[in-house]
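Let's take a walk through the inside of this protein, from its enclosed spaces to its disulfides and one of its sheets. Keep the viewer open as you read.

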Amino acid sequence: MPISSVKYSLLFLFCFTVTSHASTKIVDAYAHWLNQNTLVIAHYSAKNNYRLQSINPKNIDKNTPSEHNINKTPLIDTKLTLEKLNPRLANKFPHLAHYQAFQLNLTKPQAKQWLKTQLQLVSLDSEQKVITKTAVQTGNVLDDLYTSGDHDANEEQNLGAYVNEQGITFKLWAPTAITVKVLLFNQDKSPALPSSLRLHENKNTGIWQTQLLLEKNSPLRSAYYKYQLTLYHPRSQQIETLTVTDPYSLSLSTNSEYSQVVDLNDSSTMPIGWQQQSIPTLAKPEDQLLYEVHIRDFSANDPQLSNKTYRGKYLAFSEQQSAGIKHIKNLRKAGVNTIHLLPSFDIGTINEDKAQVIDLNDPLSKICQLSTKVSVCQTANLNITAKSLLKTYKKTDTSQQKAQQFISEIRTLDNYNWGYDPFHYTVPEGSYALNPEGKARIIEFRQMIQSLHNLGFRVVMDVVYNHTHQAGLAKTSVLDKIVPNYYQRLHPISGKIAQSTCCDNTATERAMMAKLMIDSLIVWARDYKIDGFRFDLMGHQPKKLMLAARNAVKQIDDDNYFYGEGWNFGEVANNQRFVQATQLELAGSEIGTYSDRLRDAVRGRGIATQGDDIRRAQGIGNGLVTLPNELANEKNNAEYGLLMDQLRIGLAGNLQNFPLVNHQGKAVVGKEIPYGDQIAGYALDPADIINYVSKHDNQTLWDNNQYRLPFYLSIDDRVRLHNQSLSYVLFAQGIPFIHMGSELLRSKSFLRDSYDYSDWFNGVDFTKQNNFYNQGLPPADKDKANWPLITKLRMKNQGRDIARSQHIQLTDKVFQEFVKIRFSSPLFRLATSDEILKQVHFLNTGKAQQPGLIVMLLGNTKITNSTATPHKLIDQQPKQIPARQILARQIMVIFNSSAKTQSFSYAQAKHFTLHPVQQQSADKVVQQAKSMQHKFIVPALTTAVFVRE
């Protein structure tokens, strides 16, 4: 019998009377309503009959207006036809392509009305007994009904509270809601007059709307507000009346309890000079040097602030003579030109009320009032500060465990978090403001951006559209209270929200989540003058969306740059739901992705390994083969050649088609060099690549090296290797990315994941006295398995891992020298793959290569001493041109990672001289690097740069 001839009964029961049968809890959701007339299911059996039912929800609002009163809907019986899934739908939803499809004969109004109720699909045996039942996932059909045509919801302008001359228009997309009101509040949060307004639904778009007419000077133009919705919620499986803030909020009260009406074009939201500020520009993306900054880390330990209340705040960036400001001024002078701010949008994990949050400068008495679970409250002097207690532990606690215990006990109540916990996407975070209430936080955030621009920096914002802090009916859930199960990505069988990112994943493949993301980015670019965006776990988002978002932002700011984490994992891995914004898929797009290839070649593999497995996995930057530790074996020797090949490809922009003679003597290109089960070279343009060896995630560069370096190595050599690791990033093609404090030997005392572990484990000292290496053992929750190794290292290193002020200051100076060298010639910042193929070359390759030596020649290899067009050094930094300008035909960069001075034979070596910056280097060792008649000589653990004029 043909599939199309098999008929099933589809029964919809629409009765909201309290006398109807009570529903039982449904635990799965393997039925998917894809469009108006198509439903698919997993676990299909031809032996069963299937019915789609609308269950009588409890607690219906008695005040539901008649047009939404589903009691009046009669019993509806329609036909369900078994069919093959349309190829277009199978292509659109590849993870559901193998499910069994049914055709529904429904009108659009019917489908929209049914979506306001609880739906379940039941299977019945021949005797009509229920065998199974499952909830129905409806996110895709909502897109079909409300966003697939012209003038639909995703084309609507000005969602949220929009201020105009007539007053305020409130718009909320909530197509499954039964009723929607907006509740209005005065500045003191008392009910306003009017206290509420009923919104009316546009049946075409699913947008609820109302307008409040106001005089121009009405205080309600800055009123606080919330939405109140009556709807069915699958978390409770009943009708709920929920009060929630606006997902399109532009301003918020303290702790984000209320949204606030605001006009970001109004001068009352701007610091003085906002409209007149000058924003730095760059000729091309490859001219960027990204410096990753956590707002609190920047100033929390700064002893030179003019006002101690600025610690950890936006206003610290407007200081003139603080240690942090003086440091980044020096970095800017060297050439660092872009500040990347870790998340600064509104987050759900820090209490913005100073009286209810812990700061390490608070006395223990306050801490013990806020929490009775802190162990020291029973024994310690409650008059001392938390920081004083921790300093005492540092001196007297031989176990090194008390500090981590204390920090672990207070961390949910303190004022520290990285901020990857989105509450509201388009409002500045309040905990970084002196005053988190309403417009005040907006002004302080804008003042920070303005100050950074005035210092000559472009500003990148770290954004997190891949998940929300919470979902369902939880306190900080917003989107999932308004359109349940639409904005979050669900497991195709269980219906549970995917959490592969860490938290409740968003479904950015859905039209209205994509719209929210793009609309949010436009606000940040247009109204806050953000110059670029870094996307957390970007691979969880569709490539199509990333390209569309960039196009939308570029209509406002044509040199805005996008980059992010292109990792391929989780429920979307391998394009199973859509073509992802991952490393390989974005090749050639000039949306940058972090390169783990160069990172792992330098740092060593195994970012998630523990104990001795960390120590076994040495990298080029911490002694693999050249300085083996006690766990080195033949496997390390075998891996060395491959890592050197990966590092060379990384230095060449990680291009797919970059030619190289590999360590086996074979002529290959980047995509033919393996990286685990992937290809090493994946880029098609240098702007595709973000090069780094350290960022906020995982152990700092300093800590990672201490895990892997041999015990006997001196502190001076440890510093040299640290500096050399940074040189790989700064002399590579692509875009360099520096973790704040890497240039100061920054340590987190081996802590792998410091996201919520206070200023104590996240310190940076811009006075260059301390790198915070010995703050105690890292918290047990993250690193207890590593405690034995850390204890062993500290004992056997015998103080050779303790950096002092002179080491920190030297690293700072050498880092700035590397930056100056990068910006001394465009040969370090080539803009196309063709330029790289023509002007980047590696010597010392193949089977017979000298160990510990990477030799990179930049420029035209066919030139003689009198041919070729020279490249002007310092050409992109006009304010920093030294008295003597140099024209470079070629540049030779030699990375000597071995423990001995090495010479490298080169017929034309005599035509090169040591780079003038290194001739005057603070590092006296590099000054010993020489170019002779037919060879170069480079000291141990040194990166030397030679120029041919």
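Two elements, β21 (422-428) and α10 (479-482), each supply at least two residues to the lining of the second largest cavity. Bear in mind that this is a predicted model. Of those elements, β21 gives the most to this lining, with three residues. The lining takes in 13 residues altogether, and the ones nearest the centre of the second largest cavity are F423, Y425, T468, V478 and L479. What sort of residues face the second largest cavity, by class? Seven are nonpolar, five polar and one charged. The space inside the second largest cavity is about 80 Å³.

T468 deserves a second look, since T468 is one of the residues nearest the centre of that cavity. You'll find T468 in strand β23, which covers residues 467-468. Is T468 buried or exposed? Its relative accessibility is 7%, so T468 counts as buried, the limit being under 20%. T468 also offers a handy route to the next topic: its C-alpha atom is 9.6 Å from that of C502, although 34 residues separate T468 and C502 along the chain.

C502 brings us to the disulfides. How many disulfides does the count come to? There are two, and with bonded cysteines counted along the chain they follow the pattern 1-2, 3-4. One of them joins C502 to C503, with an S to S distance of 2.3 Å. That distance passes because the cut-off for a disulfide is a pair of cysteine sulfur atoms within 2.5 Å. The torsion about the S-S bond of C502 and C503 is about -95°, so this disulfide is left-handed. How do C502 and C503 compare in exposure? C502 has a relative accessible area of 46% and is therefore partly exposed, whereas C503, at 12%, is buried.

The other disulfide is formed by C368 and C377, whose sulfur atoms lie 1.9 Å apart. Here too the torsion about the S-S bond is about -95°, so the disulfide of C368 and C377 is left-handed. As for exposure, both C368 and C377 are buried.

Now back to the empty spaces. Rolling a probe the size of a water molecule over the atoms shows where empty space is left. Counting those of 30 Å³ or more gives seven cavities. The largest cavity holds about 100 Å³ of space. Which residues lie nearest the centre of the largest cavity? They are R720, V814, F818, D923 and T943, out of 13 lining residues. The elements that give two or more residues to this lining are α17 (715-730), α20 (805-822) and β43 (942-948). By class, the lining of the largest cavity has four nonpolar, six polar and three charged residues.

Let's follow β43 away from the cavity and into its sheet. The sheet is open, with five strands in the order β34-β35-β38-β43-β40 and antiparallel pairing. Why do β34 (840-843) and β40 (912-914) count as the edges? Each has a single partner strand, so one side of each is left without a neighbour in the sheet. From one strand to the next, the twist averages 25°.

On one side, β43 pairs with β38 (residues 890-896) in the antiparallel sense, over seven bridges. Two of the bridge partners are easy to pick out: Q890 is matched with R948 in β43, and I894 with A944 in β43. β43 is also joined to β40 by three bridges, and these strands run antiparallel. Across from T913, the residue in β43 is V947.

How many residues of β43 are buried? Seven of the seven are, so β43 is largely enclosed by the rest of the structure. Both faces of the strand are covered. On one side the buried residues are T942, A944, F946 and R948, and on the other they are T943, V945 and V947. That puts several residues you've already met into one strand: T943 lies among those nearest the centre of the largest cavity, while R948 and A944 are the bridge partners of Q890 and I894.

Notes: Residues are numbered from 1 along each chain as its sequence is written. This is a predicted model: local features need pLDDT of at least 70, side-chain atom pairs count only at pLDDT 80 or more; totals for chains, interfaces and linings use all residues. Side-chain values use heavy atoms; hydrogens and water are left out. On a 1 Å grid over the protein atoms alone, a cavity is a set of points where a 1.4 Å probe fits but cannot get out, and a pocket is an open set with protein on both sides within 12 Å along at least five of seven lines; lining residues have an atom within 4 Å of a point. Grid points are joined across faces, edges and corners, and a volume is the space filled by probe spheres set on the points. Helices (H or I, at least four residues) and strands (E, at least two) are DSSP runs, numbered from the N terminus. Ala, Val, Leu, Ile, Met, Phe, Trp, Tyr, Cys and Pro count as nonpolar, Asp, Glu, Lys and Arg as charged, and the others, Gly among them, as polar. Buried means under 20% relative accessible area, exposed over 50%, partly exposed in between (1.4 Å probe, protein chains only). Two strands pair if DSSP finds at least two bridges between them. Axes are lines fitted to C-alpha atoms, for helices over the stretch in contact, and angles run from 0 to 180 degrees between N-to-C directions.
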